[in-house]
Amino acid sequence: MFEGWLIQVTSGNPADGEQDVELYASWVPGENDAVLTVIKTFNLTDDHIVSMVIDLPKETFEQLGLKPGEAGRYKEPE
């Protein structure tokens, strides 16, 4: 069963050859709340495009060292 979300954050202008994509895990069950948690935790601005990717299970958040209600950078589990 899922507990939270994988969030993609895109910044930069691809027309200028500058586009960065980062992934975050947000251990918040509601989609909107999960996005807001990432925005607040990492001080994102209007220059960032934030979108949902997929739901994540509890085990993923535990492997990332997160607690319920927290967000952090996502990395593939080993």
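Let me start with a single residue, E22, which counts as partly exposed because its relative accessibility is 33%. Please keep in mind throughout that this is a predicted model.

What does E22 form a salt bridge with? Its partner is R73, and the closest N and O atoms of the two are 2.1 Å apart. As general background, side chains of opposite charge can pair when their charged atoms come close. R73 is likewise partly exposed, since its relative accessibility is 49%. E22 belongs to strand 2 while R73 belongs to strand 4, and so this pair ties together parts that lie 51 residues apart in sequence.

How many salt bridges does a search of the whole structure find? The search finds 2, and the other pair to look at is K58 with E62, whose side chains meet at 3.9 Å, taken from N to O. Here both partners sit in helix 2, which covers residues 58-63, and they are 4 residues apart, or about one turn of the helix. That spacing fits a general rule: an α-helix has 3.6 residues a turn, so residues three or four places apart point the same way. K58 counts as partly exposed at 35% relative accessibility, and E62 also counts as partly exposed, at 44%.

Let me now turn to helix 1, which runs over residues 31-41, and in which A34, V35, T37 and V38 are buried. Why can we put these four on the same side of helix 1? They do so because the arc they cover around the axis is only 155°. If you then look at the face turned away from that buried side, you will find the exposed residues N32 and K40. The buried residues of helix 1 are covered by parts of the chain that include strand 1 (2-11), strand 2 (20-26), strand 3 and strand 4 (71-73).

This brings us to the interior, where the largest nonpolar core has 10 residues in all, namely W5, I7, V9, Y24, V28, A34, V35, V38, L44 and A71. Strand 1 and helix 1 each supply at least two residues of this core. There is also a second, separate core of 7 residues, and among its members are A25, W27, L56 and F61. A71 is a useful residue to click on, for if we do not count residues up to four places away in sequence, A71 touches A25, S26, T37, V38, T41, F42 and L66.

Just after helix 1 comes a residue with a backbone angle that deserves a pause, since N43 takes a positive phi of about 50°. In general, most residues other than glycine have a negative phi. N43 is found in the loop between helix 1 and strand 3. Is N43 buried or exposed? N43 is exposed, because its relative accessible area is 63%, and the cut-off for that word is over 50%.

Let me go next to the beginning of the chain, where F2 and E3 can be taken side by side. F2 has its place in strand 1, and F2 counts as partly exposed because its relative accessibility is 34%. Although F2 and I54 are 52 residues apart along the chain, their C-alpha atoms are separated by 9.6 Å. Once its neighbours within four places in sequence are left aside, F2 is in contact with P29, D55, L56 and P57.

E3 is also found in strand 1, and its relative accessible area of 28% is the reason why E3 is called partly exposed. The C-alpha atoms of E3 and D55 are separated by 7.4 Å, with their positions 52 residues apart along the chain. With the same kind of neighbours left aside, those within four places in sequence, E3 is in contact with W27, V28, P29, L56, P57, K58 and F61.

I would like to finish on the surface, where L23, V53 and I54 form a nonpolar patch that has about 220 Å² of accessible area together. V53 lies in strand 3, which covers residues 48-57, and V53 counts as partly exposed because its relative accessibility is 42%.

Terms used: Residues are numbered from 1 along each chain as its sequence is written. This is a predicted model: local features need pLDDT of at least 70, side-chain atom pairs count only at pLDDT 80 or more; totals for chains, interfaces and linings use all residues. Side-chain values use heavy atoms; hydrogens and water are left out. Patches are made of residues with over 30% relative accessible area and no salt bridge: like charges are joined within 9 Å, nonpolar side chains (Val, Leu, Ile, Met, Phe, Trp, Tyr) within 5 Å. Accessible areas come from the Shrake-Rupley method with a 1.4 Å probe; for residues, only the protein chains shown count as cover. A salt bridge is a side-chain nitrogen of Lys or Arg within 4 Å of a carboxyl oxygen of Asp or Glu. Buried means under 20% relative accessible area, exposed over 50%, partly exposed in between (1.4 Å probe, protein chains only). The arc is that of the directions from the helix axis to the C-beta atoms. Contact means heavy atoms within 4.5 Å. A nonpolar core is a set of buried Ala, Val, Leu, Ile, Met, Phe, Trp, Tyr and Cys residues joined through side-chain atoms within 4.5 Å.
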